[in-house]
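Hello,

Here is the structure I promised to pass on to you. Please have a look at it, and then read on for what turned up.

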Amino acid sequence: MRKIQILTLFASSIFILSTLGCSSVTTQTASTPQAPITVIASEDFPNYSSINDLSDRADTIIKGNVIQTRVEVLNDRVQAPEADQENAQKVTLEAGNEELAFDKIYTIHTIQVAESYKGAFVAGDTLEVKQLGGQLNNTEIINDDHVSLIPTKDYVLFLETYEDTPASLLNSIQSLYVIKPASKSSQSTEQQTTSPVIVSANPENDLTLSLDQLNQIQSEEQSK
């Protein structure tokens with residue numbers, strides 16, 4: 001089984017891809033069905049030392065939930081700021097003298113905003129957030145670095161937004177949090193409701209986010 005290493009550099013992240021699932025790479029014709037391709041992807045994003053650093057870097061911080069999901073191929077060159085696009089390299093699969101273009105597949109979630117802590121969005125708005133990975137036709141990208149968003153959960157997302165492509169999490173580990181709903185305490189005769197708990201969606205995250213920190217971010221944003 002042939003394994004092809006692919007490296008592409010962007011302003012905010014590095015994607016390292018390995019292509020598996022076919023014994024050889026050949027030029028395809030209309031009459032020859034393409035062999036299934038599975039791509040294992042890993043992402044190397046900047047790491048943040050605190051919630052304050054994460055908040056300062058994000059241009060949008062929201063609470064919301066997934067209302068729709070689709071899978072789509074996106075042009076990598078529009079994901080980075082214009083000043084950095086000259087440094088972006090097109091990802092290719094090389095087989096002998098053949099050079100086959102490789103398009104990246106993304107899962108795109110439509111998020112309905114429940115509350116905004118930073119940025120231009122307000123409650124009731126929707127925005128799209130992309131994650132590298134997904135399957136289209138005979139090609140699948142598996143990204144072990146991210147945690148998939150699901151409709152049954154409420155999230156806090158630290159995002160970088162763009163004009164012509166869906167927003168991205170600042171990194172796959174530190175930028176996504178799950179809000180667990182308030183629970184009722186049975187320690188007294190009258191049930192008492194405790195505050196919602198915010199936990200990281202990724203167990204590898206070393207940053208802890210609290211409701212007080214979100215309120216402080218929101219207060220500072222409103223005072224500008």
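**Charged pairs and cores**

Glu72 is partly exposed, at 27% relative accessibility; that label covers values between buried (under 20% relative accessible area) and exposed (over 50%), with a 1.4 Å probe and protein chains only. Before going further, please note that this is a predicted model, where local features need pLDDT of at least 70 and side-chain atom pairs count only at pLDDT 80 or more, while totals for chains, interfaces and linings use all residues. Residues are numbered from 1 along each chain as its sequence is written, and side-chain values use heavy atoms, leaving out hydrogens and water.

Which residue does Glu72 meet in a salt bridge? The partner is Arg70, at 2.8 Å from N to O; a salt bridge here is a side-chain nitrogen of Lys or Arg within 4 Å of a carboxyl oxygen of Asp or Glu. Arg70 is partly exposed too, at 30%, and a network of salt bridges links Arg70, Glu72 and Glu128.

The whole structure has 5 salt bridges. One of them joins Lys63 and Glu115 at 3.8 Å, N to O. Lys63 lies in strand β4 (residues 60-74) and Glu115 in strand β7 (residues 104-118), so this pair ties together parts 52 residues apart in sequence; strands are DSSP runs (E, at least two residues), numbered from the N terminus.

Now for the interior: the largest nonpolar core (buried Ala, Val, Leu, Ile, Met, Phe, Trp, Tyr and Cys residues joined through side-chain atoms within 4.5 Å) has 16 residues. Those with the most contacts inside it are Ile61, Val156, Phe158, Tyr177 and Leu209. Apart from it lies another core, of 15 residues, including Val129 and Leu159.

Best wishes

Technical notes: Helix = DSSP H or I, 4+ residues; strand = E, 2+ residues; numbered from the N terminus.
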